[in-house]
Amino acid sequence: MAQQTVALTERPAWNALKAHHRSVAGLELRRLFAEDPKRGERLALEAAGVHLDYSKNRVTEETLGLLVRLAEESALRERIDAMFRGDPINVSENRSVMHVALRAPRGATLTVNGSNVVPAVHAVLDKMSGFADRVRSGDWKGHTGRRIQNVINIGIGGSDLGPVMAYEALRHYSDRAMTFRFVSNVDGTDIAEALRGLDPADTLFIVSSKTFTTLETMTNAHTAREWSIRGLGGDAKSVARHFVAVSTNAEEVAKFGIDTDNMFGFWDWVGGRYSMDSAIGLSTMLAIGPDAFRAMLSGFHEMDEHFRSAPFARNLPVILGLLGIWYTNFFGAQTVAVLPYDQYLKRFPAYLQQLTMESNGKHVTLDGRRVGYDTGPIYWGEPGTNGQHSFYQLIHQGTRLIPCDFIAFANTLNPLGEHHDLLLANVLAQGEALAFGKTADEVRKEGSPDWLVPHRTFEGNRPSNTLVLELLTPAALGRLVALYEHCVFTQGAIWQIDSFDQWGVELGKVLAKRIVPELKTGGAPAFAHDSSTQALLKRIAELRPRR
């Protein structure tokens, strides 16, 4: 069991923040900007190619000082050092947390259990690069001698959300002669649609499962295997030319029919939601090529080093994390909206949902005590400007406080007329509108009748961060993902929770395995369920054809 520490709510900075919140909760951003004409320049940071404007937050210098003090009292620096040192900070599983090693440069030293893991990381990267080059060049042939045109990644959770997000984000850099599809849901519709229109002779499957026993992944993998063999004349030996594995279970991989020379490994010190830059990213490398993949890794590493070394008051992930603490724990905000103004990042909010909520959706501290405060806000969002025509209404004029992260790029990968200027104008306008709103007097001056004034008034004072990068490159994506990874780490350290386990996903899986045979037989439940579950099983049996 982890050694007990001072409870978060007993820390001096926490209680100082509670008292401070009472005095500043009513402060308006209009006033803060009026009193400090240079606030927009002063409350901004830039590092590792990311510019963060956090001036539109309901904070003062005192707020920021107290938040940094809370990080110091929470031993955040010691926790960061422990992670980079390879200590087993995933306490419930007694594991190191070393995703930072996945993007360490060749020649670096990062240790787990006394061994430098960086050479092993680069050995896998080199193996991935060689395979990707062979597939992309056409040297790798399918069973009938045809080159690979289609790649289907089969995984779930971090083995799917990272690869599909990265593919969509970096589609501009992908080989357009190849088609990439992603299957995760055990719903047969997912794989049925992914296979539709493809030819087994030129289709390659990547099966990503550390144990090669994950129920959803292996169910889909076996369906794909049957489809592939059937389309290749029934020859089971064809599997070796059309399936590769990202796994550590050589026995199960070989039993499936995959040549273990085409198995790409990773390690138990890499959590699934932190694995997109490991062998789990093989589909990404096939799409964009080894050089672009390594450029993405360099972006990750830049942000890692900034997080590792920058003082907290100038540390982008720390500041982002502390602002989240401020709104979650002192303003009672329940959600965070992530709003990327780049269509390529359309899956980025979904990716962050797993990263943030699987990491920090915890109700006990490291030493097993019930937390007495909120953890893990709900992350959600859509690309701009689409969201402006749906849920922005609630953010602007609803009753809930919803902090927002806007993400923008100064330049576009697709320069078409005035499109990008309009996009950038919108992202800047939304931050301004949320912060400053529109008063009743301003609405009246526009000529609105009195009865309409309340409807057209915007209270403003809605907080937001704006992240600006030069261009969406592979390196830029790496920086962005690492920024949020370390933001999550910062919040978990302060909340005194284990951000690196995920026991909450287990119970439903166990119960599902018990229910499957009951669905197949359609008879009386073999196990005692609650009356709701038993009634639902009965009704489903009535609606299904008799077997």
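Reader: What makes Arg308 and Glu305 neighbours about one turn of the helix apart?
Author: Both sit in helix H13 (residues 290-309), three residues apart. A helix here is a DSSP run (H or I) of at least four residues and a strand (E) one of at least two, numbered from the N terminus. By the way, this is a predicted model, so local features need pLDDT of at least 70 and side-chain atom pairs pLDDT 80 or more, while totals for chains, interfaces and linings use all residues. Side-chain values use heavy atoms, without hydrogens and water, and residues are numbered from 1 along each chain as its sequence is written.

Reader: Why is the contact of Arg308 with Glu305 called a salt bridge?
Author: The rule asks for a side-chain nitrogen of Lys or Arg within 4 Å of a carboxyl oxygen of Asp or Glu. The closest N and O atoms of Arg308 and Glu305 are 3.5 Å apart, so the pair qualifies. The count by this rule is 31 salt bridges.

Reader: How do you know whether Lys346 and Glu168 are buried or exposed?
Author: Buried means under 20% relative accessible area, exposed over 50%, and partly exposed in between (1.4 Å probe, protein chains only). Glu168 has 14%, so it's buried, whereas Lys346 has 38%, so it's partly exposed. Their side chains meet in a salt bridge at 3.9 Å, N to O. Lys346 lies in the loop between strand E10 (335-340) and helix H15 (348-360) and Glu168 in helix H7 (residues 158-169), so this pair ties together parts 178 residues apart in sequence.

Reader: What makes Lys362 and Asp501 a link between distant parts of the chain?
Author: Lys362 is in the loop between H15 and strand E11 (378-380), and Asp501 is in the loop between helix H20 (474-495) and helix H21 (506-521), 139 residues apart. Their salt bridge is 2.8 Å, N to O. Lys362 is buried at 14%, and Asp501 is buried at 7%.

Reader: Why is the largest space called a pocket and not a cavity?
Author: On a 1 Å grid over the protein atoms alone, a cavity is a set of points where a 1.4 Å probe fits but cannot get out, whereas a pocket is an open set with protein on both sides within 12 Å along at least five of seven lines. The largest pocket holds about 1,100 Å³. Of its 40 lining residues (an atom within 4 Å of a point), the closest to its centre are Thr214, Gln502, Val505, Glu506 and Lys509. H21 gives the largest share of the lining, four residues.

Key. Points joined across faces, edges and corners; volume = space filled by probe spheres on them.
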